[in-house]
Protein chains: 2
Amino acid sequence: MSAELFKEERFIEEWKVFLRFPSVGADPAHHSDCSACAEWLGQHLNTMGLAAEVLETPGLPAVYAEHRTGDGVPTILFYGHYDVQPVDPVDAWTTPPFEPALRNGRLYARGAQDDKGQAFSFLKAVEALLATGQLKVNLKVIIEGEEESGSRGLSAMLDAWRERLAADILMVADTGTIPDGTPTIVMGLRGLLHVAVTLRGPSHDLHSGLHGGLALNPVTELTRLLATLFAPDRSIAVDGFYDGIHNPTALEHSLVQKTPFDPVAYARSFGMPPVAGAPEYTPLERLGFRPALDINGISGGNANSMKTVIPSAATARLTARLAAGQDPNHCLEAICDHLKARAPDAMKLTIHDTGSAGAGFRIDPESAPVRLARDVLVDLAGCEPVYHWEGASIPIIPALAEAAGAAPLLVGFGHEDDHVHAPDESYSIAQFRRGFEYAAHFLQAAAGTHLARE
Amino acid sequence: MSAELFKEERFIEEWKVFLRFPSVGADPAHHSDCSACAEWLGQHLNTMGLAAEVLETPGLPAVYAEHRTGDGVPTILFYGHYDVQPVDPVDAWTTPPFEPALRNGRLYARGAQDDKGQAFSFLKAVEALLATGQLKVNLKVIIEGEEESGSRGLSAMLDAWRERLAADILMVADTGTIPDGTPTIVMGLRGLLHVAVTLRGPSHDLHSGLHGGLALNPVTELTRLLATLFAPDRSIAVDGFYDGIHNPTALEHSLVQKTPFDPVAYARSFGMPPVAGAPEYTPLERLGFRPALDINGISGGNANSMKTVIPSAATARLTARLAAGQDPNHCLEAICDHLKARAPDAMKLTIHDTGSAGAGFRIDPESAPVRLARDVLVDLAGCEPVYHWEGASIPIIPALAEAAGAAPLLVGFGHEDDHVHAPDESYSIAQFRRGFEYAAHFLQAAAGTHLARE
């Protein structure tokens with residue numbers, strides 16, 4: 001594939017248009033922006049030469065497109081998402097999150113990488129192949145609008161869309177490389193569940209002098225309650241939570257040892273060493289093969305100024321990342337049971353906003369799509385890729401792979417410097433170009449293989 | 001004293017003027033409002049017939065006023081404060097906090113009771129006595145502007161003002177009655193210390209999937225750290241915290257048993273039973289003779305919507321109420337040492353906004369001022385008052401009493417229904433009138449006693 005197919009200036013301008021939609025799927029105030037974004041993307045894919053349409057779901061719309069080459073060639077289902085994370089704290093952004101700004105070879109915007117940038121780099125490869133008559137696989141594209149908030153709409157449609165989505169390979173552009181930039185095949189993702197907890201005590205805020213030592217304090221009690229979720233060594237002290245975990249195979253174990261991980265560089269990048277989690281596992285094992293439980297937010301009373309009250313309520317939100325083999329519903333129930341059993345009798349515990357549970361999964365390192373991706377990456381980069389078991393989640397992937405009958409394949413070019421989910425998210429033009437080249441080469445290479453289903 | 005001295009309509013109008021100043025002493029944005037409030041009050045006291053002036057301090061100004069009768073009569077120093085608590089959550093107020101509104105015989109506003117209402121009811125009694133030539137004691141008035149935020153200015157001036165403040169009795173109008181409304185002599189106050197804790201982890205918010213199990217989470221770790229402050233029975237698990245506590249005397253012990261406390265009524269009023277604190281003490285013993293530690297506010301990450309981050313920091317604010325005998329500085333140091341020893345090495349713990357430590361104290365039930373107050377209250381109410389060891393704090397009182405060489409005497413007419421420090425604070429006209437009558441009678445009765453210092 002020749003280098004002039006990468007139309008940098010035009011690609012960046014189109015990518016900026018895509019980024020200007022404030023498609024925060026989790027925020028109902030932005031749902032019309034999400035619909036507008038889906039409409040734009042559908043039209044854009046049509047212009048590129050795909051047969052595209054916007055599909056309604058019980059949630060936000062999904063964009064579907066396809067190109068049919070014929071029988072006997074593999075069918076690739078390409079998955080991405082057009083929704084983005086919320087932008088708070090918005091004051092921490094150097095330039096506004098929905099006004100894409102190019103600085104030092106990087107495009108800054110919410111979604112610049114996750115996942116608009118990554119998805120768009122792959123789609124531009126499809127465009128280039130189509131324009132030069134080189135797209136020789138059957139291609140299906142599904143770009144949903146709720147990945148960051150649980151994929152409710154797409155999940156609900158999977159059964160109805162089995163035929164439409166049927167494919168051999170589920171190609172996902174929503175992952176990254178290891179910190180040194182070596183091409184990375186993601187061999188698994190963790191599952192995700194979330195739960196919010198509100199503890200209510202007094203019927204109104206009380207004077208902490210007149211009531212301290214009498215009234216139970218929701219902030220204090222929520223703090224004590226949440227602390228019981230963790231053992232002194234920071235393992236998760238919830239009965240049954242670890243049930244069913246698939247331990248790594250000998251091959252997985254040997255491959256993960258080959259993936260470099262530099263704790264000193266980690267500390268430099270993130271301001272602290274990688275010391276959370278159970279110490280008997282290496283950092284990459286913890287990320288790939290072990291679950292984690294995080295309190296993502298807590299709020300109660302006034303933490304900004306001295307106010308001598310016992311507040312009437314306190315709330316926290318937690319997420320768990322699940323290892324392959326853990327049943328998300330079982331884990332959710334275990335956490336809820338743990339909290340209910342330990343909440344003070346005199347208080348009201350409400351567990352809310354639970355769900356969006358997706359399981360973790362791992363991919364066979366010896367499967368044909370993984371071997372093909374490895375060959376393409378060796379060709380492009382001149383070195384062996386690394387096999388990485390990712391800590392993040394794309395909860396829809398296992399369900400989508402099952403519905404499509406496809407083998408998931410996760411190769412992406414994100415990097416920790418991109419600050420996804422945080423202020424000043426960005427994606428470099430160089431990364432965008434690597435995604436473009438990988439996608440173009442993989443789609444060409446796949447055409448010549450016998451990956452097509454019987 | 002005849003009933004027509006209580007000029008209800010005029011008093012309410014003047015009280016409303018006092019309440020319209022948003023004198024939130026803890027908030028620098030309201031410091032000019034505090035100064036304006038002090039100016040108004042000084043002029044008002046002058047108009048009443050006292051020699052008043054606004055005194056500068058290193059903090060917010062204090063209002064001082066006096067009336068000299070002559071030698072050989074007791075000198076009463078009257079203390080109150082014109083500053084008020086913050087108004088958050090302001091949306092929870094039925095009417096705006098600084099637009100006083102009369103509903104069903106109660107005046108609603110921030111400070112309606114604490115302490116503008118209580119102080120004003122006493123000051124109006126002084127006015128009535130002055131107007132009728134019945135003020136036969138030497139009276140000194142000090143109304144400060146930082147009671148709710150640590151009395152920094154007044155504390156700093158106490159040494160310089162020893163002569164000015166010298167008195168026999170320190171009369172304080174900033175306490176309440178027990179729930180059934182029986183006249184109440186407050187026999188002690190708890191001390192107060194406050195401390196804020198910020199725990200910082202990663203240098204920026206991290207994706208909780210990519211880092212969960214690697215990066216320490218400041219919300220999780222702050223939660224676990226704060227939980228270590230409490231033993232399973234909710235006692236305070238801080239080495240040295242309980243040092244020096246004065247246990248109640250036999251007389252105190254017998255008097256506190258006589259004060260009624262109805263746990264069922266408590267649960268009805270506040271939505272929960274009085275079950276916090278060490279269970280081996282009765283609720284009133286816990287309030288009067290035991291310390292309490294409360295987390296007044298906590299914040300980290302986003303508790304309002306799902307956001308899968310490991311936030312870079314979390315903050316909590318705590319206050320401790322101290323029993324008589326506990327050294328506030330020692331307790332503060334014990335808490336700080338406890339937190340420092342247990343914070344994760346890889347994180348940055350900042351302890352800030354500490355201080356405003358005032359000691360707790362108790363008053364001898366057999367002292368002359370207490371006996372005089374008891375006689376006045378019996379005359380007015382026709383029943384014995386109760387002796388109550390209060391859980392709240394007025395940290396300046398022990399230091400002010402010491403500087404003035406005066407015996408503190410705390411009789412007030414606040415009630416739990418007044419919702420001080422909370423939305424919809426109010427004070428009834430009936431309570432205001434009781435304060436007025438008590439103050440007038442006490443000042444008259446004191447004139448005929450031999451309380452004057454040698």
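**Exercise 1. A small sheet in chain B**

Determine the order of the strands in the open three-stranded sheet of chain B, and state which strands form its edges.

*Solution.* In this predicted model, the open sheet of chain B has three strands in the order β4-β5-β18, and their pairing is antiparallel. The next step is to ask which strands pair on one side only, and these are β4 (101-103) and β18 (426-428) of chain B, the edge strands. Strand β5 (residues 106-108) of chain B is joined to β18(B) by three bridges, the two strands running antiparallel, and within β18(B) it is B:Tyr427 that stands opposite B:Leu107. Finally, the neighbouring strands of this sheet are turned against each other by 25° on average, with direction ignored.

**Exercise 2. The corresponding topic in chain A**

Describe the open sheet that contains β4, β5 and β18 of chain A, and find which residue of β5(A) stands opposite A:Ala101.

*Solution.* The strand order in chain A is β4-β5-β18, again for an open sheet with antiparallel pairing. Its edge strands, each of which pairs on one side only, are β4 (101-103) and β18 (426-428) of chain A, and the twist from one strand to the next averages 25°. Turning to the individual pair, β4(A) is connected to strand β5 (residues 106-108) of chain A over three bridges in the antiparallel sense, and the residue of β5(A) that stands opposite A:Ala101 is A:Tyr108.

**Exercise 3. Classifying a helix pair in chain B**

Classify the packing of α12(B) and α14(B) by angle and by handedness, and describe the residues that meet.

*Solution.* The geometry comes first: helix α12 (residues 368-381) and helix α14 (residues 429-447) of chain B pack at an angle of about 130°, and their axes are 10 Å apart. Because an angle over 145 degrees would be needed for roughly antiparallel, while 65 to 115 would count as roughly perpendicular, α12(B) is oblique to α14(B). The crossing of these two helices is right-handed. On the side of α12(B), the residues in the contact include B:Leu372, B:Val376 and B:Leu380, and among those they meet in α14(B) are B:Tyr438, B:His441 and B:Phe442. By class, the residues of the contact divide into nine nonpolar, one polar and three charged.

**Exercise 4. The helix pair α12 and α14 in chain A**

State the angle and axis separation of α12 and α14 in chain A, and break their contact down by residue class.

*Solution.* Helix α12 (residues 368-381) of chain A packs against helix α14 (residues 429-447) of chain A at an angle of about 130°, with 10 Å between their axes. The two helices are therefore oblique to each other, and their crossing is right-handed. The contact includes A:Asp375 and A:Asp379 from α12(A), and from α14(A) it includes A:Glu437 and A:Ala445. The class breakdown for this contact is nine nonpolar, one polar and three charged residues.

**Exercise 5. From the domains of chain A to the interface**

Give the domain division of chain A, and then work out which element of chain A gives the most to the side that touches chain B.

*Solution.* Chain A is divided into domain 1 (3-174 + 394-447) and domain 2 (192-245 + 291-357), whose centres, taken over C-alpha atoms, are separated by 35 Å. For the interface, 74 residues of chain A are in contact with 76 residues of chain B. Several elements of chain A supply at least two residues each to this side, including α7 (218-227), α10 (283-289), β11 (292-301) and β13 (313-322); β11(A) gives the most, with nine residues. The side of chain A that touches chain B has 34 nonpolar, 29 polar and 11 charged residues. Strand pairing also links the chains, since β11(A) and strand β11 (residues 292-301) of chain B pair in the antiparallel sense over five bridges, with A:Ser299 standing opposite B:Ser299.

**Exercise 6. Backbone exceptions**

Locate the cis peptide bond that ends at A:Pro89, and say where A:Asp353, with its positive phi, lies.

*Solution.* As background, most residues other than glycine have a negative phi, and most peptide bonds are trans. The bond from A:Asp88 to A:Pro89 is cis, with omega near -5°, and A:Pro89 is found in the loop between β3 (75-81) and β4 of chain A. In chain B, the bond from B:Asp88 to B:Pro89 is cis with omega near -5°, and B:Pro89 sits in the loop between β3 (75-81) and β4 of chain B. A:Asp353 has a phi near 50°, a positive value in a residue other than glycine, and it lies in strand β14 (residues 348-358) of chain A.

Note on methods
Residues numbered from 1 in each chain as written. Chains lettered and ligands numbered in written order. Predicted model: local features only at pLDDT ≥ 70, side-chain atom pairs only at ≥ 80, totals over all residues. Pairing = 2+ DSSP bridges. Helix = DSSP H or I, 4+ residues; strand = E, 2+ residues; numbered from the N terminus. Axes fitted to C-alpha atoms, helices over the stretch in contact; angles between N-to-C directions. Parallel < 35°, antiparallel > 145°, perpendicular 65-115°, else oblique. Left-handed = near helix turned anticlockwise from the far one by under 90°. Contact = placed C-beta atoms within 7 Å. Nonpolar A, V, L, I, M, F, W, Y, C, P; charged D, E, K, R; others polar. Domains from an automatic or database assignment.
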